[in-house]
Amino acid sequence: MDQPTVGILHPGSMGAAVAACAATNAAAVLWCETGRSTASVERAARFGLTPLARLAELLDRSDIVISLCPPAAAEELARDIAGHRFTGVYVEANAINPERTKRIAALLEHGAAVVDGGVVGSPPVGGKAPTLYLSGPADATERIEALFAGTAVRTAVLGTEVGKASALKLAYASFQKTSRVLVALAVGMAREHGVDQELIEVASRRTDSYLSEPQYVAKTAARAWRWGPELEEAADALAAAGLPPEMLRAAASTLARWNDARDSELTLTDALDRLAQP
């Protein structure tokens, strides 16, 4: 397969590093510098990207366009692309929900082949090797696999249905990022009472991720009637320490959906089915 020309929209810390990896198997990697910040210009230059003044020129020259921008801008950017009648492969790689990804695919369906993408991991610099999960038309995902072959960006195809890659990305992010916020709240509460180091010592005895133990969800459901009020108490403690309590109150509200499962023997499927009931 001939080396494609790739356009990147817009090269932030993740986008620029991913684009630099794409350059390994691309004829050129382009970006549009008009309206971008000085930091973006410097970053793109550092990663060896080729600047262009107009988005239309980038689209005319590109066989593949990768969108990695702030999530709020994803659909507006896709509408701009659709307005230019781009006919190559469009990789929607932003952290957006599956329904938004499907709307973007619909915007571009009469021109471009849309690949749903989700990057899990840190930018591919300094030995980091994120995975770009892909879903969409098989011939288009094959082109993206070839683009990143032999680079620090690993690829994994989840199927032909647009939305799968976005769903995986957000499902993982919902745990990974929220857990970091919970760490801040837990340590903040402990520090208020002078036991933060003791908390860290207790936690250091367990290093596994709860996300890798989904079978424990059923046990959580059976104990929700006790755990919910406990989290309400913890939320009160956060508020007293001047820390935001809303996250723990939301967790307590979620646990309340399992109140009727008190001390029950549930399967994981049972627990998740109950959680999905309003």
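Helices, in what follows, are DSSP runs of H or I with at least four residues, strands are runs of E with at least two, and both are numbered from the N terminus. This is a predicted model, in which local features need pLDDT of at least 70 and side-chain atom pairs count only at pLDDT 80 or more, while totals for chains, interfaces and linings use all residues. Residues are numbered from 1 along each chain as its sequence is written, and side-chain values use heavy atoms, with hydrogens and water left out.

I will start with the whole chain. The protein chain has eleven helices and eight strands. Its C-alpha atoms fill a box of roughly 60 × 40 × 35 Å along the principal axes. Of its 278 residues, 38% count as buried; buried means under 20% relative accessible area, exposed means over 50%, and partly exposed is in between, with a 1.4 Å probe and protein chains only. The accessible surface comes to about 14,800 Å², and carbon and sulfur atoms hold 53% of that. Those areas come from the Shrake-Rupley method with a 1.4 Å probe, and for residues only the protein chains shown count as cover.

Now contacts, meaning heavy atoms within 4.5 Å. Among contacts with a separation of 6 or more, 61% are between residues 24 or more positions apart.

On charge, there are 27 positive and 33 negative side chains, and the centres of the two sets lie 2 Å apart. Lys and Arg count as positive and Asp and Glu as negative, with His and the chain ends not counted. Each charge is placed at NZ of Lys, CZ of Arg, CG of Asp or CD of Glu.

Next, helix α7. It covers residues 164-192, 29 residues in total, and spans 42 Å from first C-alpha to last, close to the 42 Å expected at 1.5 Å a residue. The expected span is 1.5 Å times one less than the number of residues. Where does α7 bend? The bend is at A173, by about 25°, taken as the angle between axes fitted to the seven residues ending there and the seven starting there. A173 is also one of the buried residues of α7, along with A165, S166, K169, S179, L185, G188 and A190. The cover over these buried residues includes α5 (98-108), β6 (113-120), β7 (131-135), α8 (196-204), α9 (216-240) and α10 (246-255). After α7 comes G194, with a positive phi near 70°.

V187 sits in α7 as well. It is partly exposed, at 29% relative accessible area. Beyond its neighbours within four places in sequence, V187 contacts D196 and L199. V187 and L199 are twelve residues apart along the chain, and their C-alpha atoms are separated by 7.3 Å.

Turning to the N-terminal part, helix α1 covers residues 13-22, and eight of its ten residues are buried. Which are they? They are M14, G15, A16, A17, V18, A19, C21 and A22. These residues pack against β1 (5-9), β2 (28-32), α2 (38-46), β6 and α6 (138-147). The loop between β1 and α1 holds H10, and the peptide bond from L9 to H10 is cis, with omega near -15°.

L9 comes up again with S67, a residue of strand β4 (residues 64-67). Apart from residues up to four places away in sequence, S67 touches L9, L77, Y90, V91, E92, A93 and N94. Is S67 buried or exposed? S67 is buried, with a relative accessible area of 0%.

I144, in helix α6, also has a relative accessible area of 0% and is buried. Leaving aside neighbours within four places, its contacts are I64, V89, V91, V115, L132, L134 and T155. I144 and L134 are ten residues apart along the chain, with their C-alpha atoms 8.4 Å apart.

Last, two residues with positive phi that are not glycine. R85 has phi near 55° and lies in the loop between α4 (74-83) and β5 (89-92). R85 is exposed, with a relative accessible area of 71%. D263 has phi of about 55° and lies in the loop between α10 and α11 (268-275). At 52% relative accessibility, D263 counts as exposed.
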